[in-house]
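This report covers the nonpolar cores, two buried residues and one pocket of a single protein chain. The sequence and structure come next.

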Amino acid sequence: MSRIALVPAAGGGSRMGAGRPKQYLELAGRPLLAHTLARLLAEPRLDRIVLVLAADDGWFDTFAWPEDHRLAVLRVGGPSRAESVRNGLAALAADAGDWVLVHDAARCCLPAAALARLIDTLDDDEVGGLLAVPVADTLKRADGGLRVAATVARDGLWQAQTPQMFRAGLLARALGGELDAGVTDEASAVERLGLSPRLVEGDTMNLKVTWPHDLPLARAILAAERGGRGE
């Protein structure tokens, strides 16, 4: 049995409004993606870290990347995250029993303790699961005019993060059918099979860089970590 981290990075990051995909934006002197890969490479129990890029990605080769025999690149990305993961799984040709940990390229501050907790918790799980944090804020549902239509009870609600960890065979089966708008992450695909992924407590520091204002937050997290290590 192997543990394989699969990082879909074929998106254009249009919501950032930048001149390049967000995974290649500068963050603390390196591309954002370099920080994400470093977090995964620091976990010795991951046997492979596989990056799924778009076939026409012209940015990746312009940067220097970590030299590690576990790191591989597949240029089989699709137009959606789910399709990139599905294509990556097919190209991997992993054993059905191998664990695949799908991680967002834009989650560059993944705490080592959260990743270790995910592996420790799920290694013997019959389904798999994901990092997530309980929803802390009051939730409002908006109407078409951006007025409050309802307040949503937050009891039992969790905010999904990544990595999301499932057996390769199960994940391939979950993503094998039509990928409609309801498949927003790997867990939702597995749920469609009638299974219940396990929630593993994540960390609020596991920020996903989505909007321009997320970059300063990521920089602050990285700077605080360096300061804590006396760098």
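## Contacts of Leu51

Contact here means heavy atoms within 4.5 Å. The model is predicted. By that cut-off, and leaving aside neighbours within four places in sequence, Leu51 is in contact with Val7, Ala9, Leu33, Leu37, Phe60, Ala72, Val73 and Leu74.

## Nonpolar cores

Which residues touch the most other members of the largest nonpolar core? They are Leu33, Leu40, Leu46, Ile49, Leu51 and Leu101, out of 28 residues in that core. Two or more residues of this core come from each of strand 1 (3-8), helix 1 (32-41), strand 4 (48-52), strand 6 (99-102) and helix 3 (112-122).

Another core, of 22 residues, lies apart from the largest one. Phe166, Ala168, Leu170 and Val190 are among its members. In soluble globular proteins, nonpolar side chains tend to be buried together.

## Ser84

Ser84 sits in helix 2, which spans residues 81-92. Is Ser84 buried or exposed? Its relative accessible area is 2%; Ser84 is therefore buried, because the cut-off for that class is under 20%.

A polar atom of the Ser84 side chain lies 2.9 Å from the backbone nitrogen of Gly78. Gly78 also appears in the contact list of Ser84, together with Pro8, Ala10, Val52 and Gly77, when neighbours within four places in sequence are left aside.

## Met165

Met165 belongs to strand 10. Its relative accessibility is 0%, so Met165 counts as buried.

Where along the chain is Val100 relative to Met165? The two are 65 residues apart, yet their C-alpha atoms are separated by 5.6 Å. Val100 is also one of the contacts of Met165, again without neighbours within four places in sequence. The others listed are Trp99, Leu101, Leu118, Ile119, Leu122, Asp123, Gly128 and Gly129.

## Second largest pocket

The second largest pocket holds about 460 Å³ of space. Its lining is made up of 17 residues. Val133, Gln159, Gln161, Thr204 and Leu207 lie nearest the centre of this pocket.

Which element gives the most to the lining of the second largest pocket? Strand 10 does, with three residues. Strand 7 (128-134) and strand 10 (158-167) each supply at least two residues of the lining. By class, the lining of this pocket has nine nonpolar, five polar and three charged residues.

Notes. Residues are numbered from 1 along each chain as its sequence is written. This is a predicted model: local features need pLDDT of at least 70, side-chain atom pairs count only at pLDDT 80 or more; totals for chains, interfaces and linings use all residues. Side-chain values use heavy atoms; hydrogens and water are left out. Helices (H or I, at least four residues) and strands (E, at least two) are DSSP runs, numbered from the N terminus. Buried means under 20% relative accessible area, exposed over 50%, partly exposed in between (1.4 Å probe, protein chains only). A polar contact is a pair of N or O atoms within 3.5 Å; within protein, one must be able to donate a hydrogen and the other to accept it, and residues adjacent in sequence count only if both atoms are side-chain atoms. A nonpolar core is a set of buried Ala, Val, Leu, Ile, Met, Phe, Trp, Tyr and Cys residues joined through side-chain atoms within 4.5 Å. On a 1 Å grid over the protein atoms alone, a cavity is a set of points where a 1.4 Å probe fits but cannot get out, and a pocket is an open set with protein on both sides within 12 Å along at least five of seven lines; lining residues have an atom within 4 Å of a point. Grid points are joined across faces, edges and corners, and a volume is the space filled by probe spheres set on the points. Ala, Val, Leu, Ile, Met, Phe, Trp, Tyr, Cys and Pro count as nonpolar, Asp, Glu, Lys and Arg as charged, and the others, Gly among them, as polar.
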